[in-house]
Protein chains: 4
Amino acid sequence: TFLITFHPKYAQNFGLVDKPVFTDVPTPITEPFKWEYTNMKKLLYKLGDILSTDEAERRQVQLVNPSLKKFPYLGAIAISPTIFAAIQLVKKGEVAPSHHHSPNAFRFILEAPEDGAYTVVNGKRLIMHRGDLVLTPSYAWHDHRNEGNGDVIWLDGLDAPLVWYLGAIFFEDYFKKYKRSLQEITETEKENVLKYGNGMLPEFEREDSYDPLYIYPYSRARETLFRIKENSNEMPAEGYVMRYINPNNGKDIFQTMASKIRLISPKSKTKKIRKTEHIIFMPVEGECTLKLDNIEYNLKENDIAIVPPWEAYEIVNNNDKDCILFSYSDEPIFKSFGLFRSEINE
Amino acid sequence: TFLITFHPKYAQNFGLVDKPVFTDVPTPITEPFKWEYTNMKKLLYKLGDILSTDEAERRQVQLVNPSLKKFPYLGAIAISPTIFAAIQLVKKGEVAPSHHHSPNAFRFILEAPEDGAYTVVNGKRLIMHRGDLVLTPSYAWHDHRNEGNGDVIWLDGLDAPLVWYLGAIFFEDYFKKYKRSLQEITETEKENVLKYGNGMLPEFEREDSYDPLYIYPYSRARETLFRIKENSNEMPAEGYVMRYINPNNGKDIFQTMASKIRLISPKSKTKKIRKTEHIIFMPVEGECTLKLDNIEYNLKENDIAIVPPWEAYEIVNNNDKDCILFSYSDEPIFKSFGLFRSEINE
Amino acid sequence: TFLITFHPKYAQNFGLVDKPVFTDVPTPITEPFKWEYTNMKKLLYKLGDILSTDEAERRQVQLVNPSLKKFPYLGAIAISPTIFAAIQLVKKGEVAPSHHHSPNAFRFILEAPEDGAYTVVNGKRLIMHRGDLVLTPSYAWHDHRNEGNGDVIWLDGLDAPLVWYLGAIFFEDYFKKYKRSLQEITETEKENVLKYGNGMLPEFEREDSYDPLYIYPYSRARETLFRIKENSNEMPAEGYVMRYINPNNGKDIFQTMASKIRLISPKSKTKKIRKTEHIIFMPVEGECTLKLDNIEYNLKENDIAIVPPWEAYEIVNNNDKDCILFSYSDEPIFKSFGLFRSEINE
Amino acid sequence: TFLITFHPKYAQNFGLVDKPVFTDVPTPITEPFKWEYTNMKKLLYKLGDILSTDEAERRQVQLVNPSLKKFPYLGAIAISPTIFAAIQLVKKGEVAPSHHHSPNAFRFILEAPEDGAYTVVNGKRLIMHRGDLVLTPSYAWHDHRNEGNGDVIWLDGLDAPLVWYLGAIFFEDYFKKYKRSLQEITETEKENVLKYGNGMLPEFEREDSYDPLYIYPYSRARETLFRIKENSNEMPAEGYVMRYINPNNGKDIFQTMASKIRLISPKSKTKKIRKTEHIIFMPVEGECTLKLDNIEYNLKENDIAIVPPWEAYEIVNNNDKDCILFSYSDEPIFKSFGLFRSEINE
Ligand SMILES: [Fe+2]
Ligand SMILES: [Fe+2]
Ligand SMILES: [Fe+2]
Ligand SMILES: [Fe+2]
Ligand SMILES: [Fe+2]
Ligand SMILES: [Fe+2]
Ligand SMILES: [Fe+2]
Ligand SMILES: [Fe+2]
């Protein structure tokens with residue numbers, strides 16, 4: 001219970017910790033890594049065979065960061081100290097019962113039937129299509145139902161590792177409270193986007209959650225990116241990049257996670273940049289290469305890679321086709337504490 | 001230079017002021033009033049004859065609040081102590097040269113050619129249609145050009161009376177600075193709405209103004225109102241009401257003025273309410289009646305009425321048609337100083 | 001009710017307003033002016049003879065800005081469009097009954113008996129001494145009692161002209177509500193300063209007002225100014241200047257008024273500066289000269305002068321003694337609306 | 001790199017994690033624990049013998065939370081997932097060279113010579129006495145020097161575990177940058193308190209750090225607690241409790257850590273409460289008992305105990321003497337993310 005020691009900067013010298021704590025620049029516990037979608041999907045369907053229909057909620061392949069494995073509990077399932085990433089499958093006809101919890105979650109849709117797969121968030125039925133971003137903010141009730149003519153697969157993003165690390169997980173089943181496992185539907189994605197996603201806010205029946213806009217359709221993001229490419233200049237180290245925002249305050253979708261989507265022009269590359277954040281990239285259209293100092297990752301559609309804090313990277317698009325790149329990170333956490341730093345390699 | 005006097009509450013007793021300053025509840029210097037569009041338009045076209053084409057900028061009919069006339073300077077042109085309201089006409093083929101100033105301004109479009117009448121705000125060409133809300137935030141450069149096949153008429157809203165009262169008017173001609181009277185156009189309303197009005201914000205080339213969303217198209221507002229009417233419950237004293245918001249912060253379009261649009265269902269009326277704000281109403285579609293304690297105003301399309309602070313009103317729609325009602329007020333001023341109060345007469 | 005007119009910039013040309021509204025730089029409705037304490041005090045005592053003891057509350061000499069006189073109502077009693085300034089006398093043995101109102105008020109004590117003259121704010125008994133700043137924030141109950149062995153005289157500062165102009169005055173007598181004219185005393189200035197003025201805030205029994213620190217003793221301000229003079233460098237256009245702050249948020253004492261105190265070293269002068277604010281200066285110790293472009297004011301102890309927005313001034317201390325200068329202004333109003341500008345003449 | 005799994009709620013069932021992640025209420029990775037000062041001090045002096053004078057900076061006894069030991073790196077030295085706590089000794093005549101870093105740190109002084117032991121923060125010389133709280137905010141340069149006639153011992157509090165977990169540690173030696181190991185002294189604690197701790201803020205030479213008030217003297221805290229005890233009512237679950245605040249914004253001293261000091265009256269006890277925060281208690285005067293559900297800790301002066309999130313506790317003072325209790329916690333982290341919850345057991 002004591003450590004006869006010294007300033008943390010020197011503890012390592014005495015074999016007390018295996019790594020110094022106070023270093024000149026960050027030495028993150030996370031390493032860069034890449035996961036290929038073809039593999040993930042294969043595993044997901046293997047899981048699809050094992051788990052019965054009423055276990056749909058659990059049918060997830062977690063993307064585990066290898067360097068975190070040595071951490072008890074969390075290390076087995078986290079992609080970064082703060083973030084979960086998982087691929088989830090809900091088969092045609094399945095439902096996942098409603099619940100809510102203190103962690104924030106979003107899903108970014110990878111494959112979806114033409115219509116009929118939806119998430120219900122606080123009573124809003126949100127039909128999901130490829131590329132849509134769907135939020136379930138902290139304590140929002142959510143269930144999933146696939147009434148479409150095919151399976152739905154999405155990327156799940158949660159701040160659960162952080163919330164868990166802090167000791168602040170609260171979880172509640174809808175059924176336990178309301179004696180039914182699915183919510184009643186009162187509105188659809190249409191009303192939600194009209195009320196919160198059009199530069200206006202309703203004065204009445206305001207959603208009681210941090211971000212009230214529960215769905216950011218891909219059709220909007222895509223149109224924006226291709227349109228602005230015509231008249232605007234991209235950011236040298238970022239491309240043409242749009243940040244998903246919370247209409248209540250113009251800030252990020254969550255207090256813990258930010259999400260962006262960008263276009264990298266054909267035959268172009270960004271300047272090298274590094275930031276204090278854990279950032280996760282995934283191409284939605286086209287391909288690109290993420291070049292780090294010691295490794296590079298070719299990313300095809302739905303492939304996923306993570307870049308740790310203060311690791312420099314450039315994004316290269318060697319192809320003849322635009323690359324639309326989705327990303328999310330824990331940037332807001334760093335900004336909340338005055339810890340955010342960023343540096344472009346000119 | 002002195003007033004041998006007493007507590008302001010009692011100054012009136014001694015003939016020193018004509019009205020007590022400290023009263024139990026507000027006794028505003030503004031009175032309720034109504035202006036009919038048919039009259040305003042007639043005057044506007046009379047002015048259209050007097051003023052030549054290159055004076056288009058000046059072709060405005062100011063709505064002057066009668067009770068303010070006794071105020072020097074400002075009283076001759078203000079609708080409230082804080083707000084200007086004017087009807088402006090820019091004829092087919094005319095242009096109004098570019099300038100900028102410290103007051104915030106918006107225009108709400110009343111009549112417009114099918115296409116071709118536009119305002120340019122910081123280089124963005126914003127084609128205007130009936131019902132659109134177009135902003136020129138503080139210090140944004142703006143000019144107007146009508147290349148359409150008909151005249152354009154709009155309602156101008158400015159916080160100039162407040163800014164002037166405070167002694168903070170700054171004004172600059174574009175020509176003086178750049179030796180040309182019109183701005184170069186770099187983007188259109190399309191990009192502006194995509195970048196700022198879709199639940200996302202660009203990381204690059206951010207508009208350098210308080211509210212970067214320069215146009216709120218009526219098509220969006222209208223669709224929203226009719227859609228939400230189906231599934232939501234209106235506010236008892238407000239109807240189905242949407243507030244135009246600044247995507248940068250989720251607050252009002254300006255630090256001095258708020259703007260809303262609402263739907264009042266046929267054969268319905270709101271509960272009586274009073275607030276500390278100067279509120280200006282104008283029907284965009286349908287008709288309604290504004291009932292105050294001692295007077296009532298029937299408002300047809302484009303008719304305008306003002307309700308002073310702490311004056312109770314109810315909105316009545318006796319017709320078979322929905323009434324879409326645009327309004328703007330100085331509510332944010334009261335909120336900035338902790339002076340906002342509101343009371344519903346149950 | 002209409003003004004057949006034009007852009008406000010040109011209305012003057014047509015005799016519609018006597019002064020243009022849109023000018024390149026501000027043309028405030030307020031003019032610079034100076035009031036001498038010896039005159040004010042003489043008038044105050046004349047008033048002291050006229051008004052009986054139970055009218056103490058009303059024994060004020062208002063400082064009226066001559067250029068505002070043409071404004072109805074308010075013009076007769078305001079020093080700026082936003083601010084009241086008055087000298088008030090409460091004689092030995094008198095009391096002024098309790099009330100509260102929406103305007104914010106402070107008093108800066110000019111003369112006081114050794115002990116025993118106090119203001120009660122929300123139950124806190126605040127004994128007042130020369131140089132103390134005592135707040136009665138919006139809606140805080142306040143009464144005054146002089147149980148000392150001499151008269152007390154203070155400078156009253158209120159944002160009532162603004163609140164009145166906006167139509168947001170609310171006023172309530174304590175007696176009407178509680179059937180007694182004076183509040184019960186629960187704490188003293190000592191507890192108030194310990195709780196809110198020492199870099200800490202109580203978790204319990206928090207004052208329910210914007211600024212909970214009701215008294216800023218002069219002893220603290222004075223010690224600070226003389227002490228920092230030793231080790232710090234003054235601001236070229238400001239001197240050694242401390243801003244009174246609200247411990248709840250680190251901002252100004254009120255949302256409408258800021259207050260500062262500064263030291264101008266002997267035989268020194270500040271650089272010329274102009275700002276968009278109405279600023280009122282009063283020496284507490286020593287003397288100084290306020291040099292404007294067309295006039296200069298020699299200010300002795302308790303003399304008061306006002307500088308309108310965008311009027312350049314320098315502060316000159318030609319004497320061998322430090323000058324401690326109290327000031328207050330409506331700076332926060334300008335900052336709330338993005339209207340604050342400042343320019344140093346290098 | 002993959003986890004063929006399920007919803008995190010069920011991962012444990014499959015042996016993939018040793019503990020469920022989604023639990024109904026928090027199951028913190030931190031356990032309650034207590035450290036006695038007599039033991040800590042003994043160890044500290046043992047260390048004092050081993051380490052030479054020029055290693056003073058390193059002479060710390062870390063308080064390690066036993067349940068964190070299984071965490072690599074950090075687990076060996078942290079008291080909570082977010083906080084370091086250590087007892088540090090700087091002997092008479094020693095100095096610890098200057099440096100700065102991204103983590104925030106404070107020290108609460110336990111033993112000090114009458115005068116002469118000081119920390120220098122950004123050039124301010126802060127002489128330390130028992131009970132003083134001294135801050136070194138993120139990136140503030142700091143060194144320690146003991147020129148007094150006895151040793152100085154303090155409790156160190158840092159947010160380094162969180163910063164390290166996030167991968168955001170930056171560290172820099174003063175010597176490397178400036179070729180000298182100690183800062184030049186420009187001001188003392190006296191000026192610092194006058195400028196930032198008296199309800200005012202300087203307009204000039206503002207400290208460039210989150211919290212500019214670097215020292216909160218115990219004399220002030222103590223006087224406040226004993227004084228308010230006379231007239232105020234304590235909070236049922238908290239006692240008479242003052243929060244140290246940042247004068248710049250009225251918020252906590254750091255964005256990651258809050259600090260409070262409270263008085264528990266003789267023969268009294270608080271209501272049971274639980275909160276989502278890691279809170280560390282230490283009596284400064286008197287004794288008290290911390291009663292948790294399954295354990296209770298008697299705390300003498302300088303004994304330290306930690307309570308994990310959502311663990312209920314009551315504070316009991318069975319003695320005839322007031323107990324002054326210092327505490328610090330990571331409450332602001334939970335509040336930043338909307339994760340703060342608190343519950344009183346009525
Ligand atoms: Fe899910
Ligand atoms: Fe969930
Ligand atoms: Fe205009
Ligand atoms: Fe204009
Ligand atoms: Fe008064
Ligand atoms: Fe009053
Ligand atoms: Fe240290
Ligand atoms: Fe340090």
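Before I begin, one definition: a polar contact here is a pair of N or O atoms within 3.5 Å, where, within protein, one atom must be able to donate a hydrogen and the other to accept it. With that in hand, and keeping in mind that what you see above is a predicted model, I can start with the interface of chain A and chain B, across which the rule finds 22 residue pairs in polar contact, both residues having pLDDT 80 or more.

Staying with those two chains, the elements of chain A that give two or more residues to the side touching chain B are β13 (187-188), α4 (189-196), β14 (200-202), α5 (218-231), β16 (240-244) and β17 (258-264). The largest share of that side comes from α5(A), which gives 7 residues. Across this interface the rule also finds 8 salt bridges, and one to look for in the model joins the side chains of K260(A) and E203(B), at 3.6 Å from N to O.

How many residues of each chain are in contact here? On the side of chain A there are 40, and they are in contact with 40 residues of chain B. Together the two chains bury about 3700 Å² between them, with 57% of that area on carbon and sulfur atoms. Of the area that chain A buries against chain B, 20% is supplied by M200(A), E203(A) and F204(A), which is more than any other three residues supply.

Let me turn now to chain B and chain C. In this case 83 residues of chain B are in contact with 82 residues of chain C, and the two chains bury about 7900 Å² between them, 71% of it on carbon and sulfur atoms. The rule finds 2 salt bridges across this interface, and in one of them the side chain of K176(C) meets that of D24(B), at 3.5 Å from N to O. As for polar contacts between chain B and chain C, the count is 10 residue pairs, again with both residues at pLDDT 80 or more.

Which elements of chain B give two or more residues to the side that touches chain C? They are β1 (2-5), β2 (33-35), α1 (37-50), β3 (60-63), β5 (95-101), α2 (160-166) and α6 (331-336), and the largest share of that side, 7 residues, comes from α2(B).

How are these two chains related in space? A rotation of 180°, with 0.0 Å of shift along its axis, superposes chain B on chain C with an RMSD of 0.0 Å, and that is the relation of a two-fold axis. If you would like to place that axis in the model, the residue of chain B that comes closest to it is F71(B), whose C-alpha lies at 2.9 Å. In addition, 99% of the interface residues of chain B are also interface residues in chain C, so the copies meet through the same surface.

My last topic is the cysteines, since the structure holds 0 disulfides over all chains. Take C288(A), whose nearest cysteine sulfur, that of C323(A), is 3.9 Å away; because a disulfide needs two cysteine sulfur atoms within 2.5 Å, C288(A) is in no disulfide. Is C288(A) buried or exposed? At 3% relative accessibility, this residue counts as buried. In chain B, C288(B) is likewise in no disulfide, with the sulfur of C323(B) 3.9 Å away, and C288(B) counts as buried at 3% relative accessibility.

Methods. Residues are numbered from 1 along each chain as its sequence is written. Chains are lettered from A and ligands numbered from 1 in the order in which they are written. This is a predicted model: local features need pLDDT of at least 70, side-chain atom pairs count only at pLDDT 80 or more; totals for chains, interfaces and linings use all residues. Side-chain values use heavy atoms; hydrogens and water are left out. Copies are superposed by least squares on the C-alpha atoms of residues with pLDDT of at least 70 in both. Contact means heavy atoms within 4.5 Å. Buried means under 20% relative accessible area, exposed over 50%, partly exposed in between (1.4 Å probe, protein chains only). Buried area is the accessible area (1.4 Å probe) that two parts lose on being put together, summed over both. A salt bridge is a side-chain nitrogen of Lys or Arg within 4 Å of a carboxyl oxygen of Asp or Glu. A polar contact is a pair of N or O atoms within 3.5 Å; within protein, one must be able to donate a hydrogen and the other to accept it, and residues adjacent in sequence count only if both atoms are side-chain atoms. Helices (H or I, at least four residues) and strands (E, at least two) are DSSP runs, numbered from the N terminus.
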